[in-house]
Amino acid sequence: MTPSIAPSSLTVWRTVLALSVIFVLLATSGWTGPPRARAVPPDAWEAATAAWQATRVDGRTPPGPASPPTAVAAFFAALRPAQRARLARQHPLVVGNLNGAPVDLRFQANRRTLRRALAAERVRVADPRLSPDGRREAARRVHRFTSLISTGRQVLAFDPEGRGRVAEVLGDLERAERVSVVVPGVDTHLLTYQRTARRYTAPYGMAEALYAAEREAEPQTRTAVIAWADYTAPTGVGMDAVTGRLAAEGSVRLASLVEALPGTSHVTLFCHSYGSVVCGLAARRLPSRVADIAVAGSPGMRAETAAALRTRARVWAMRDDEDWIADVPHLDVGGLGHGADPVEPEFGARLLSADGAAGHGGYFVPGTQSLRNFAVIGVGSYGDVRCAGAADTCRSGIHGATRV
């Protein structure tokens with residue numbers, strides 16, 4: 001006689017099986033081999049913020065890094081140009097990462113921090129006490145910092161501590177009519193921020209391709225794109241990849257970034273893989289200027305429906321037929337998993353064609369329909385969006401989106 005299994009036990013076994021599938025897929029899909037974390041003083045940021053808070057400007061204490069961007073903006077607006085420059089010179093790590101500080105001032109501060117970080121890594125490369133692996137990592141960081149500090153690059157956020165974080169602007173952020181933010185997924189850090197091989201799977205390559213595609217789609221529209229690798233993403237196989245802890249922390253940083261953007265531009269988030277978890281958790285905090293949230297290769301947005309995201313933004317979703325993420329169980333049991341599949345009709349997202357994407361990492365490759373769709377959404381040309389399938393239902397209800 002076959003023993004009966006209690007419903008609660010059956011649920012547990014199904015959950016264990018589903019999670020096993022998740023880990024196997026992650027292990028065979030490039031989410032392995034975490035880089036060694038660089039040994040740096042653990043209190044570098046704390047020391048910098050303590051020095052910042054001890055500063056006085058005309059008898060006033062500057063706002064802390066966790067202050068609302070509006071308060072930070074008001075503080076800097078009341079300063080004389082020489083005072084702003086002095087703060088950026090004396091406290092570059094803080095000013096360069098302070099949402100609400102003037103954009104050009106952040107660029108200047110981050111160049112200063114980059115120069116300091118580059119000098120420190122050059123010393124490490126020559127250190128005979130360093131292991132061969134340590135020297136290789138230091139050399140890679142020298143290469144990365146040298147590239148970021150080169151002429152014309154606009155680094156909006158930079159922290160070399162640990163695996164490092166960075167955000168960069170392509171275009172004129174202050175004059176842009178449309179701003180796009182690329183939110184990448186697992187294994188995002190300074191050394192994976194930009195790649196030569198598999199160029200368009202890295203945050204900078206994604207943003208670079210999107211910026212070019214937007215300018216091609218609507219040359220008269222002033223656009224800017226932010227490559228946003230300014231959160232701590234999960235590394236390799238582990239619980240962080242199937243839980244929302246790091247996404248929750250990242251969502252706060254993402255919402256703060258958007259709130260601090262200058263001007264009145266429309267903003268679109270383009271969220272890939274685990275980045276869509278970050279965007280899903282940030283959705284309810286986003287200001288109304290965020291018009292669209294588009295996700296690709298999503299494991300879930302930690303919501304059962306698009307309406308449950310509690311955002312006024314239009315929610316778009318796409319997945320290539322060859323994307324392995326389709327085989328990851330879309331569940332949320334005890335905080336494990338990221339919930340419903342955004343490309344299922346019942347989720348309620350506007351479903352986009354991803355033709356040509358060729359797998360999980362191909363959504364931003366030039367020449368693909370996936371990138372073309374992202375670009376026309378980014379510039380607001382909704383009539384040029386190509387929906388998934390034969391129907392045009394993804395454009396329904398959008399003013400001016402009817403094809404002529």
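**Figure 1. What covers the buried residues of helix H4 in this predicted model.** The cover includes helix H2 (44–54) and helix H3 (69–77). It also includes helix H5 (92–95) and helix H6 (103–125). H4 itself spans residues 81–90.

**Figure 2. The two faces of helix H4.** Three residues are buried here: Gln83, Leu87 and Ala88. They lie on the same side of H4, because the arc they cover around the axis is only 135°. An α-helix has 3.6 residues a turn, so residues three or four places apart point the same way. The face turned away from the buried side carries Pro81 and Ala82. Both of these residues are exposed.

**Figure 3. Packing of helix H4 against helix H6.** The two axes are 9 Å apart. The packing angle is about 25°. Angles under 35 degrees count as roughly parallel, so H4 is roughly parallel to H6. The crossing is right-handed. On the H4 side, Arg84, Ala85, Ala88 and Arg89 make the contact. H6 contributes Leu105, Ala109, Arg112 and Arg116. Ala88 of H4 is thus a contact residue and also one of the buried residues of this helix.

**Figure 4. The crossing of helices H10 and H11.** H10 covers residues 245–260, and H11 covers residues 275–282. Their axes come within 8 Å and cross at roughly 65°. This crossing is right-handed. From H10, the contact residues are Ala247, Ala248, Gly250, Ser251 and Leu254. H11 meets them with Val277, Val278, Cys279, Leu281 and Ala282.

**Figure 5. Helix H11 and its surroundings.** H11 is mostly covered, with 7 of its 8 residues buried. The buried set is Gly275, Ser276, Val277, Val278, Cys279, Gly280 and Ala282. These residues pack against four strands and one helix. The strands are E3 (178–183), E4 (223–229), E5 (266–272) and E6 (290–296). The helix is H10. Among the buried residues are Val277, Val278, Cys279 and Ala282, which also take part in the contact with H10.

**Figure 6. The whole chain, for orientation.** The chain has 12 helices and 8 strands. It holds 404 residues, and 54% of them count as buried. Contacts between residues at least 6 apart in sequence often reach far along the chain: 68% of them join residues at least 24 apart. The exposed area is about 18000 Å². Carbon and sulfur atoms supply 53% of that area.

Terms used. Residues are numbered from 1 along each chain as its sequence is written. This is a predicted model: local features need pLDDT of at least 70, side-chain atom pairs count only at pLDDT 80 or more; totals for chains, interfaces and linings use all residues. Side-chain values use heavy atoms; hydrogens and water are left out. Buried means under 20% relative accessible area, exposed over 50%, partly exposed in between (1.4 Å probe, protein chains only). Contact means heavy atoms within 4.5 Å. Accessible areas come from the Shrake-Rupley method with a 1.4 Å probe; for residues, only the protein chains shown count as cover. The arc is that of the directions from the helix axis to the C-beta atoms. Axes are lines fitted to C-alpha atoms, for helices over the stretch in contact, and angles run from 0 to 180 degrees between N-to-C directions. Angles under 35 degrees count as roughly parallel, over 145 as roughly antiparallel, 65 to 115 as roughly perpendicular and the rest as oblique. A crossing is left-handed if the near helix is turned anticlockwise from the far one by less than a right angle, and right-handed if clockwise.
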